[in-house]
Amino acid sequence: MAEKNLESLFQDTLKDIYYAERKILKALPKMARGAQSPELKAAFVKHRDETEIHVERLQEVFERLGKRPQGKTCPAIEGILEEGEEILEEYKGAPALDAGLVSAAQAVEHYEIARYGTLRRWAEELGLNDAASLLALTLDEEVKTDEALTALAETAANQKAKAA
Ligand code: FE
Ligand code: FE
């Protein structure tokens, strides 16, 4: 049996986020279609394109490890995305829809930030400097997306939800 060490933890977590990113890639167009404001739609479309790059970066990390890119079912992201679907259904046509979608999307980003933060640190610890740099690029984009979502909530979505 393979050692259960930092290297195996790193590889398992890489598979977890690879699975998650591909699920997110499929979910973002639905979020974009559902969003009411053009700004929120645009934010989701932009992040869909970034997410495509995140998947490619992970494939590159696997390649650098000499591994075939492989996902491992991530129940956490399935639950988070399911809650987003619930908002889409339950708040369809309601003034609070966008505020709800922002909160659902931020749950996704925070999951990713947690995972990439850990992965980058572990990559550094393992001396995988190229992998660490790739993971840091994605981490930075997740953080910026989270900040952009906060700005959209504060400048419009929350007020619209409250005014109704
Ligand atoms: Fe991502
Ligand atoms: Fe993301």
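Reader: Which protein donors hold the iron ion (ligand 1), and at what distance?

Author: This model is predicted, so read every value as computed from it. The donors of the iron ion (ligand 1) are two OE atoms of Glu21, ND1 of His54, an OE of Glu112 and an OE of Glu142. They lie 2.0 to 2.5 Å from the ion. Along the chain, these donors follow the spacing E-x32-H-x57-E-x29-E. Glu21 sits in helix H1 (residues 6–34) and Glu112 in helix H4, 91 residues apart, so this pair links distant parts of the chain.

Reader: Which protein donors serve the iron ion (ligand 2)?

Author: The iron ion (ligand 2) has NE2 of His47, two OE atoms of Glu109, an OE of Glu112 and an OE of Glu142. The donors are 2.0 to 2.7 Å from the ion. Their spacing in sequence reads H-x61-E-x2-E-x29-E. Here, too, distant parts of the chain are linked: Glu112 belongs to helix H4 (residues 97–125), Glu142 to helix H5 (residues 129–163), and 30 residues separate them.

Reader: How far apart are the iron ion (ligand 1) and the iron ion (ligand 2), and which residue bridges them?

Author: The two ions lie 3.3 Å apart. Glu112 is the bridge and coordinates both.

Reader: Is Glu112 buried or exposed, and why?

Author: Compare the relative accessibility with a cut-off: buried means under 20%. Glu112 has 0%, so it counts as buried. Glu142 also has 0% and therefore counts as buried. Glu21 is buried as well.

Reader: Now salt bridges. How many does the structure hold?

Author: There are 10 salt bridges. One of them joins Arg115 and Asp16, with the closest N and O atoms 3.3 Å apart. Arg115 is in helix H4 and Asp16 in helix H1, 99 residues apart, and the pair links distant parts of the chain.

Reader: Why does Arg115 count as partly exposed, and why is Asp16 buried?

Author: Partly exposed covers the range between the buried limit of 20% and the exposed limit of 50%. Arg115 has 28% relative accessibility, so it counts as partly exposed. Asp16 has a relative accessible area of 12%, so it is buried.

Reader: What does the salt bridge between Arg64 and Asp130 link?

Author: Their side chains meet at 2.8 Å, N to O. The pair links distant parts of the chain: Arg64 in helix H2 (residues 38–64) and Asp130 in helix H5, 66 residues apart. Arg64 is partly exposed because its relative accessible area is 47%. Asp130 counts as partly exposed because its relative accessibility is 47%.

Reader: Which residues are linked in a network of salt bridges?

Author: Arg48, Asp49 and Glu52 form the network. Within it, Asp49 and Arg48 meet at 3.4 Å, N to O. Asp49 has a relative accessible area of 41%, so it is partly exposed. Arg48 is partly exposed too, because its value is 23%.

Reader: And the surface? Which residues form the negative patch?

Author: Glu78, Glu82, Glu83, Glu86, Glu89 and Glu90 form it. A patch residue must have over 30% relative accessible area. Glu78 has 31% relative accessibility, so it counts as partly exposed. Glu78 has its place in helix H3 (residues 75–90).

Reader: Where is Gln159 found?

Author: Gln159 is in helix H5. With 44% relative accessibility, Gln159 counts as partly exposed. Ala96 is 63 residues from Gln159 along the chain, and their C-alpha atoms are separated by 9.0 Å.

Technical notes:
Residues are numbered from 1 along each chain as its sequence is written. Chains are lettered from A and ligands numbered from 1 in the order in which they are written. This is a predicted model: local features need pLDDT of at least 70, side-chain atom pairs count only at pLDDT 80 or more; totals for chains, interfaces and linings use all residues. Side-chain values use heavy atoms; hydrogens and water are left out. Patches are made of residues with over 30% relative accessible area and no salt bridge: like charges are joined within 9 Å, nonpolar side chains (Val, Leu, Ile, Met, Phe, Trp, Tyr) within 5 Å. Accessible areas come from the Shrake-Rupley method with a 1.4 Å probe; for residues, only the protein chains shown count as cover. A salt bridge is a side-chain nitrogen of Lys or Arg within 4 Å of a carboxyl oxygen of Asp or Glu. Lys and Arg count as positive and Asp and Glu as negative; His and the chain ends are not counted. The place of a charge is taken as NZ of Lys, CZ of Arg, CG of Asp or CD of Glu. Helices (H or I, at least four residues) and strands (E, at least two) are DSSP runs, numbered from the N terminus. Buried means under 20% relative accessible area, exposed over 50%, partly exposed in between (1.4 Å probe, protein chains only). Donors are N, O and S atoms within 2.8 Å of the metal (3.2 Å for Na, K and Ca); water is not among the atoms, so sites may look incomplete.
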